[in-house]
Amino acid sequence: MTRRFIAATAQLGPIARDEPRASAVARMQALLIEAHRRGAELVVFPELALTTFFPRWLIEDEAELDAFYETEMPNADVQPLFDTARELGVGFYLGYAELVIEGGRKRRFNTSIFVDKSGTILGKYRKIHLPGHPEYEDWRPFQHLEKKYFEHGDLGFPVFDAFGGKMGMCLCNDRRWPETFRVLGLRGAELVMLGYNTPVHYPPAPEHDHLQDFHNHLSMQAGAYANGNWVIGTAKAGREEGCDLIAGSCIIAPTGEIVARTQGFGDEIAIAEIDLDRCRELRDNVFNFALHREPEDYAVICAP
């Protein structure tokens with residue numbers, strides 16, 4: 001079985017607060033078609049790819065808030081993306097806000113799914129490292145209320161079989177935490193897919209604003225190298241509702257090298273060949289876990 005395939009990072013430009021899902025889906029369909037034309041079998045879309053990044057606002061009306069979430073997947077708005085992917089024989093990763101009713105109460109998650117070439121959902125992930133703050137803070141130029149609008153993910157870091165190898169997922173802030181990539185690596189993930197919505201301005205530490213692109217790539221490249229896996233990171237980018245989001249969507253080899261990246265801040269794809277066997281370059285050598293890890297000395301990592 002071949003373990004080589006072409007993959008694409010499919011960056012989205014801004015999504016307006018009043019932009020209907022049908023518009024966002026149509027934009028993703030266009031990117032999917034273009035990626036397929038260039039040989040891609042796998043396409044990675046951003047975090048919260050169906051709506052604007054709504055945690056930047058305090059939304060007190062529950063019905064208004066609920067409108068940003070998906071209660072089923074696929075649904076009527078998103079089905080065209082699934083249909084196009086199935087017709088073309090292309091798998092994809094998609095991030096969205098998920099609302100489920102369990103035990104008579106609403107549960108909200110920042111979620112991603114992986115869909116195979118047949119249009120079947122093979123894997124789901126719910127974001128674990130939620131950034132931001134749980135209550136409105138009036139000093140901020142914009143809010144970051146992920147801790148208010150989402151629960152801590154309850155699925156762990158699952159790994160699933162696809163494309164002749166093992167795939168993993170995470171979302172945005174997860175990429176900054178080495179533990180994300182290490183857990184996925186220990187479970188055998190050879191490709192990690194992640195979408196992000198990252199503001200240029202970070203209100204608690206504005207002195208780091210000029211480092212946002214650097215830190216974005218630093219964390220993903222380090223995660224790839226230290227675990228011997230491919231990483232595909234995809235942005236929602238540009239000025240969205242007055243908030244500037246970084247771009248820099250990219251595909252990173254297990255050596256930590258960026259092998260493809262977008263150039264602008266709008267809807268755009270970048271393409272690279274993924275050879276899963278290249279993971280062995282690291283995993284059989286410098287990062288041979290069985291030979292070189294010393295887990296008995298790592299207990300403090302999991303201490304409260």
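This briefing walks through the cores, one helix and one sheet of the structure above. The model is a predicted one. According to UniProt, in an unreviewed entry, residues 5–276 carry the feature "domain: CN hydrolase". That span is 22% helix and 31% strand, and its end C-alpha atoms lie 9 Å apart.

**Nonpolar cores**

- A good place to start is the largest nonpolar core, which has 44 residues. Leu42, Leu191 and Met193 have the most contacts inside this core.
- Strand 8 (residues 191–196) supplies five residues, the largest share of the core.
- Another core, of 27 residues, lies apart from that one, and its members include Ala10, Ala40, Leu50 and Leu94.
- In general, nonpolar side chains of soluble globular proteins tend to be buried together.
- Met193 is worth a closer look: beyond its neighbours within four places in sequence, its contacts include Leu42, Val44, Tyr93, Phe114 and Phe160. Met193 also touches Met167, Gly168, Met169, Cys170 and Ile232.

**Helix 3 and its surroundings**

- Helix 3 covers residues 79–88, and its buried residues are Leu81, Phe82, Thr84 and Ala85.
- Viewed down the axis of helix 3, these buried residues fall within an arc of 165 degrees, so they line one face of the helix.
- An α-helix has 3.6 residues a turn, so residues three or four places apart point the same way.
- The cover over the buried residues of helix 3 includes helix 1 (21–37), along with strand 3 (91–102), strand 4 (105–115) and strand 5 (121–126).
- Just after helix 3 comes Gly89, with a positive phi of about 75 degrees.

**The six-stranded sheet**

- Six strands form an open sheet in the order 6-7-8-9-12-13, and the pairing is mixed.
- Strand 6 (159–162) and strand 13 (258–261) are at the edges with a single partner strand each, so one side of each has no neighbour in the sheet.
- From one strand to the next, the twist averages 20 degrees.
- Strand 9 (residues 230–235) and strand 12 (residues 250–252) run antiparallel and are joined by three bridges.
- Ile232 stands opposite Ile251 of strand 12, and Ile232 is also among the contacts of Met193.

**A helix on the sheet**

- Helix 6 (residues 212–227) packs on this sheet, where it touches strand 8, strand 9, strand 12 and strand 13.
- The direction of helix 6 makes about 30 degrees with that of strand 12.

Key. Residues are numbered from 1 along each chain as its sequence is written. This is a predicted model: local features need pLDDT of at least 70, side-chain atom pairs count only at pLDDT 80 or more; totals for chains, interfaces and linings use all residues. Side-chain values use heavy atoms; hydrogens and water are left out. A nonpolar core is a set of buried Ala, Val, Leu, Ile, Met, Phe, Trp, Tyr and Cys residues joined through side-chain atoms within 4.5 Å. Buried means under 20% relative accessible area, exposed over 50%, partly exposed in between (1.4 Å probe, protein chains only). Helices (H or I, at least four residues) and strands (E, at least two) are DSSP runs, numbered from the N terminus. Contact means heavy atoms within 4.5 Å. The arc is that of the directions from the helix axis to the C-beta atoms. Two strands pair if DSSP finds at least two bridges between them. Axes are lines fitted to C-alpha atoms, for helices over the stretch in contact, and angles run from 0 to 180 degrees between N-to-C directions. UniProt positions are given in the numbering used here, feature names are shortened, and annotations may be inferred rather than shown by experiment.
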